[in-house]
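The exercises below are meant to be worked through with the coordinates open, each task being followed by a solution in steps.

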Amino acid sequence: LGTDLEAVKKDSIEVEIFPNRPDMLSEEGFARALSSFLGIKTGLKHYNVIKSGYNIIIDQKSKKIIPFSAAAVVKNLNFTETSLKSLMNLQEKLHTTHGRNRKRLATGAYDLSKIKFPLTLTAKPRSFKFHALGDSKEMTIDDILNKHPQGKNYGHLVQENAAVWMDCNGMVLSMPPVINSEPTKVTEKTKDIFIEVTGNNKDAVEKALNIQLAALVDRGGKVCSVGQYLDLMPKRIKIDIKNINNLLGLNLNNKDFS
């Protein structure tokens, strides 16, 4: 699988995942790769996308701050403490590795029942207030960046104005790449979620979204499109069989790849 086995313990196995396989940063992704390697579930997996009327608006003010975004809705989820923790861990691992400590991208998930479409990614001044995740009350963006632990950690990534996701009723979902809002947080009672990724690299943003969607589908979720982009189709790449044989010390032919 191209991973290092770090330790085998009574209740866990620890492996090191390298940057070229961010899809294996979740239990679902690792299980998918391992089952194929063991011949249990082979071949490309196809993920269905349900067309929907969910729409988002990316205004020009936010594009100057965060140029790229991708989003989807996932329904029919049955979160447990373990599966919810798995999603949160995957997002944090994507932030740290694929997202280069949130400098390249950031992602968030929100309880769909708490928000109303269309959603807008816009920009707000530091005097703007919202209820940040984990806080007991609303604070200004400036206070969040200076007083909230997440603000202290990632406030240096925020410009003079901050990017903010909002619903059509003015409910704030998050301030990427720093923190989500308390009212829209996902809990074990959540059945449907809105999930988004924003960042400065289009390919990285789209891949980070797809990695999370694949994990959620493996948990039984149903993916609905949001806006124009959502491509979960397998990608085709050209390969040089001679080069592969030289690298692997094998003698494969065209039939072996069909």
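**Exercise 1. Helix packing**

In this predicted model, determine how the axes of helix H3 and helix H6 are arranged relative to each other.

Solution. Begin with the two elements themselves: helix H3 covers residues 81-96 and helix H6 covers residues 202-218, and their axes come within 11 Å while crossing at roughly 160°. Next, compare the angle with the cut-off, by which angles over 145 degrees count as roughly antiparallel; H3 and H6 are therefore roughly antiparallel to each other. Finally, assign the hand of the crossing of H3 and H6, which is right-handed.

**Exercise 2. A salt bridge between two helices**

Find the salt-bridge partner of aspartate 218, and establish which parts of the chain the pair links.

Solution. The structure holds 12 salt bridges, and in one of these aspartate 218 pairs with arginine 32, with 2.7 Å between the closest N and O atoms. The pair links distant parts of the chain, since aspartate 218 belongs to helix H6 and arginine 32 to helix H1, with the two 186 residues apart. As for accessibility, aspartate 218 has a relative accessible area of 28% and is partly exposed, while arginine 32, at 23%, also counts as partly exposed. To complete the picture, note that salt bridges with shared partners join Arg32, Lys45 and Asp218 into one network.

**Exercise 3. Two further salt bridges**

Describe the salt bridge of glutamate 206 with lysine 202, and then the salt bridge of aspartate 142 with arginine 126.

Solution. For the first pair, the side chains of glutamate 206 and lysine 202 meet at 2.8 Å, N to O. Both residues lie in helix H6, where they are 4 residues apart, about one turn of the helix. Their accessibilities fall into separate classes, because buried means under 20% relative accessible area: glutamate 206, with 16%, is buried, whereas lysine 202, with 46%, is partly exposed.

For the second pair, the side chains of aspartate 142 and arginine 126 form a salt bridge of 3.6 Å, N to O. Aspartate 142 is placed in helix H4 (residues 141-147), and arginine 126 in the loop between strand S7 (119-124) and strand S8 (129-130), 16 residues apart. Aspartate 142 is partly exposed with a relative accessible area of 31%, and arginine 126 is partly exposed with 28%.

**Exercise 4. Backbone geometry in loops**

Locate the cis peptide bond before proline 118 and the one before proline 177, then examine phi of asparagine 76 and asparagine 101.

Solution. The bond from phenylalanine 117 to proline 118 is cis, with omega near 0°, and proline 118 sits in the loop between strand S6 (105-111) and S7. Proline 176 and proline 177 are likewise joined by a cis peptide bond, with omega about 5°; here proline 177 is found in the loop between strand S11 (172-175) and strand S12 (179-180).

Turning to phi, asparagine 76 has a positive value near 60° although this residue is not glycine; asparagine 76 lies in the loop between strand S5 (68-75) and H3, and at 48% relative accessibility counts as partly exposed. Asparagine 101 also has phi near 60°, lies in the loop between H3 and S6, and at 39% counts as partly exposed.

**Exercise 5. A nonpolar surface patch**

Identify the residues that form a nonpolar patch on the surface, and place leucine 38 within the fold.

Solution. The patch consists of Leu1, Leu34, Phe37, Leu38 and Ile40, which together have about 500 Å² of accessible area. Leucine 38 lies in the loop between helix H1 (27-37) and strand S3 (49-50), and its relative accessibility of 54% makes leucine 38 exposed.

How values were computed:
Residues numbered from 1 in each chain as written. Predicted model: local features only at pLDDT ≥ 70, side-chain atom pairs only at ≥ 80, totals over all residues. Heavy atoms only, no water. Patch = residues over 30% accessible without salt bridge, like charges linked within 9 Å, V, L, I, M, F, W, Y side chains within 5 Å. Areas by Shrake-Rupley, 256 points an atom, 1.4 Å probe, with all protein chains shown as cover. Salt bridge = Lys/Arg side-chain N within 4 Å of Asp/Glu carboxyl O. Buried < 20%, exposed > 50% of the residue type's maximum accessible area, 1.4 Å probe, protein only. Axes fitted to C-alpha atoms, helices over the stretch in contact; angles between N-to-C directions. Parallel < 35°, antiparallel > 145°, perpendicular 65-115°, else oblique. Left-handed = near helix turned anticlockwise from the far one by under 90°.
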